[in-house]
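Trainee: I have a structure open and would like to go through it with you. Could we take it part by part?
Mentor: Certainly; please put it up.

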Amino acid sequence: MRPIRPGDRGPAVTEIRTVLTGLELLPSGGHGDEFDVATERAVRAFQQSRGLSVDGRVGTETWQALDAARWRLGARTLYHAVPKPLIGEDVRSLQERLLEMGYDVGRADAIYGIRTTRAVAQFQREMGLKPDGACGPHTMSALRRLGRKVVGGRPQWLRESDAIRQAGPTLVGRTVVIDPGHGGTDPGEVVPDGPLRWTEADLVHDLASRLEGRLAAAGVRVQLTRGPAPLTCLPDADRAQLANSLGADVFISLHTDGHANPAANGVATYHYGTDNGVTSATGERLAGLVQREIVARTGLRDCRTHAKTWDLLRLTRMPAVRVEVGYLTSPEDRARLVDPRFRDRVVEAIVAAVQRMYFPIERDVPTGSIDVSELRAVVAAGTVVD
Ligand SMILES: [Zn+2]
């Protein structure tokens, strides 16, 4: 859909304003249908609080988040609806609450799916309630009675870390899904014409192919989310779904950044997390490793790691990161990115980061120290091939 933006009027704006008022981001009493300055400010605050890109406009992702935000936990009965599951902030609150108490709901993704249903049923059983997997008034009051005293770590992410630790340090047999961003009708960032002309879609596909080759040489099963010239652009939610259906161990999305100011440059890496400190520990660790390896091996400016709740990171059920490797709008970054040797260094950095994620933390190695060509030798020697 076309984003609803400042200056727009109409019933959709009224609806947006109503939700924002309910969230106390807009003063109550105002009943305009105009996307005014106050509305834009409220939209930005909302986007920031949800870890969305802050642009002050209401596009598809912001619209869905606003729609989900109407619901407060306890305002409706939650149940496993098929085929269209219930989605909302109330579901997320319930999931976070269950996670805190050690129930396995997967990730707090605001979707009342089968895992949430099972976790609720388990909770009900342990509380002596009828285990129907639906969260109605009885289950709500049981949750309220427990109050906030039952709080643990973030069991889901501890489980994720455990799974990785138990898997051992070898990369052989793992499945990595590489997601070159954009494609099809969406070229992503486009640099001006001339000898350095590249679209982001083409460039990240080249990076993905190189990465595929390197990882495959180390014994990894690799799957790309798209080919070099797809007809359409796959939405991020579908890319996440693809990784889930393949049972991927790691998900890496590749992008380049862009900015109106040509002086903006550098590399940044994103993982799942909210401003409230909810974070995927393994996603955060992988993001940190990718970021540090790329900075060390390429000299790109360090724009750090950041927590986001983007569909791509939220819906994937494995450690997932999105790397924005350099600004195509920066003459400096662009000149480096068009050099295939530079792209190889970026790829080596990512391979080293994936390898390090499987090292126990206490036996991790210094950044920049893994010789990626040696990973190939291990496979060739047949020592760990299954
Ligand atoms: Zn992009």
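Trainee: Are glutamate 200 and histidine 255 buried or exposed?
Mentor: Both are buried: glutamate 200 and histidine 255. Please keep in mind that this is a predicted model.

Trainee: Which residues are the protein donors of the zinc ion?
Mentor: His182 through NE2, Glu200 through OE and His255 through ND1 are the donors, at 2.0 to 2.1 Å from the zinc ion. Their spacing in sequence is H-x17-E-x54-H. Glutamate 200 belongs to helix α8 (residues 200-217) and histidine 255 to strand β3 (residues 250-257), so this pair, 55 residues apart, links distant parts of the chain.

Trainee: What about the protein overall?
Mentor: The protein has 14 helices and six strands. It has 386 residues, of which 49% count as buried. Among its contacts with a separation of 6 or more, 67% are between residues 24 or more positions apart.

Trainee: How much accessible surface does the protein have?
Mentor: About 17800 Å², with 52% of that belonging to carbon and sulfur atoms.

Trainee: Changing topic, which residues of helix α3 are buried?
Mentor: In α3 (residues 60-69) the buried residues are Thr62, Ala65, Leu66, Ala68 and Ala69. Viewed down the axis of α3, these buried residues fall within an arc of 165°, so they line one face of the helix.

Trainee: And what do the buried residues of α3 pack against?
Mentor: They pack against α1 (11-22), α2 (37-49) and α4 (89-100).

Trainee: Staying with α1, what does threonine 14 touch?
Mentor: Threonine 14, which sits in helix α1, touches Gly32 and Asp33, leaving aside residues up to four places away in sequence. Threonine 14 and aspartate 33 are 19 residues apart in sequence, and their C-alpha atoms are 4.6 Å apart.

Trainee: Why is threonine 14 classed as partly exposed?
Mentor: Its relative accessible area is 32%. Buried means under 20% and exposed means over 50%, so a value in between is called partly exposed.

Trainee: One last element: how many residues of α13 are buried?
Mentor: Helix α13 is mostly covered, with 13 of its 18 residues buried. Helix α13 comprises residues 340-357 and spans 26 Å from its first C-alpha to its last, close to the 26 Å expected at 1.5 Å a residue.

Trainee: What happens at the start of α13?
Mentor: There, a side-chain oxygen of aspartate 339 comes to within 2.9 Å of the backbone nitrogen of arginine 341.

Notes. Residues numbered from 1 in each chain as written. Predicted model: local features only at pLDDT ≥ 70, side-chain atom pairs only at ≥ 80, totals over all residues. Heavy atoms only, no water. Donors = N, O, S within 2.8 Å, 3.2 Å for Na, K, Ca; no water. Helix = DSSP H or I, 4+ residues; strand = E, 2+ residues; numbered from the N terminus. Buried < 20%, exposed > 50% of the residue type's maximum accessible area, 1.4 Å probe, protein only. Expected span 1.5 Å × (residues − 1). Polar contact = N/O pair within 3.5 Å; in protein donor to acceptor, adjacent residues only side chain to side chain. Contact = heavy atoms within 4.5 Å. Areas by Shrake-Rupley, 256 points an atom, 1.4 Å probe, with all protein chains shown as cover. Arc of directions from axis to C-beta.
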